[in-house]
Amino acid sequence: MRCPFCGNIDTQVKDSRPAEDHVSIRRRRFCPACGGRFTTYERVQLRDLVVIKSSGKREDFDRTKLERSIRIAMQKRPIDPERIDQMISGIVRRLESLGDTDISSKVIGEIVMESLARIDTVAYVRFASVYKNFQAADDFDKFVSELRPAGAVEE
Ligand SMILES: [Zn+2]
């Protein structure tokens, strides 16, 4: 991080701690070149989240895929679409606030199941039953296609 006082690029982090909102990390920095001290806030950006699959493979987090799997699980359930949107945003916020950009697919699955369980049991069971096979298959596209109810038409 460049020093705002003298422009030196090589500044040091003296202290890191979660900010009060717990979605950012507050870092106190010191510039050895000019002695300047300043504070930065680090937030997780959605586009920077990386999914670590159980095989160890890394893949950029894709909100669209997450949404697709949740909407399939929720298909034909009497749940207000707005509520589903809120749930998806809530899941993404939770992922962002984990404080780490690398997130295992297992953690994502667990958070999704937890959220689904709270609003619709049927959707939860649909998701959870496929999710267990998915853990072994480690292939999200396969996961989504298995989750799709028979006869359902691709959007
Ligand atoms: Zn400086």
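**Close-up views of a predicted model**

**View 1. Strands β4 and β6 pair in the parallel sense.** In this predicted model, the pairing of strand β4, residues 50–52, with β6 comprises 3 bridges. Within this pairing, Val51 has Ile103 of β6 opposite. Helix α3, formed by residues 105–119, packs on the sheet and touches both β4 and β6. The direction of helix α3 makes an angle of about 65° with that of β6.

**View 2. An open sheet is built from 3 strands in the order β5-β4-β6.** The pairing within this sheet is mixed. Strands β5 (58–60) and β6 (102–104) occupy the edges; each has a single partner strand, so one side of each is left without a neighbour in the sheet. On average, and with direction ignored, neighbouring strands of the sheet are turned by 35° against each other.

**View 3. Helix α1, residues 63–73, contains buried residues.** The buried residues of α1 are Ser69, Ile70, Ile72 and Ala73. Because these residues cover an arc of only 160° around the axis, they are on the same side of α1.

**View 4. Helices α2 and α3 cross with axes that come within 10 Å.** Helix α2 spans residues 81–96, and its axis crosses that of α3 at roughly 145°. The crossing in which α2 passes α3 is right-handed. On the side of α2, the contact involves Arg83, Met87, Gly90, Ile91, Arg94 and Leu95. These residues meet Ile108, Ile111, Val112, Ser115 and Ile119 of α3. By character, the residues of the contact of α2 with α3 comprise 7 nonpolar, 2 polar and 2 charged.

**View 5. Cys6 is located in the segment before β1.** Strand β1, which follows this segment, covers residues 12–18. Cys6 has 12 other C-beta atoms within 10 Å, and a residue with 12 or fewer counts as exposed; Cys6 is therefore exposed. Leaving aside residues up to four places away in sequence, Cys6 touches Cys31, Ala33, Cys34 and Gly36. One of these residues, Cys34, lies 28 residues from Cys6 along the chain. The C-alpha atoms of Cys6 and Cys34 are separated by 6.6 Å.

Definitions and conventions
Residues numbered from 1 in each chain as written. Predicted model: local features only at pLDDT ≥ 70, side-chain atom pairs only at ≥ 80, totals over all residues. Pairing = 2+ DSSP bridges. Helix = DSSP H or I, 4+ residues; strand = E, 2+ residues; numbered from the N terminus. Axes fitted to C-alpha atoms, helices over the stretch in contact; angles between N-to-C directions. Contact = placed C-beta atoms within 7 Å. Buried ≥ 20, exposed ≤ 12 C-beta atoms within 10 Å, placed from the backbone. Arc of directions from axis to C-beta. Left-handed = near helix turned anticlockwise from the far one by under 90°. Nonpolar A, V, L, I, M, F, W, Y, C, P; charged D, E, K, R; others polar.
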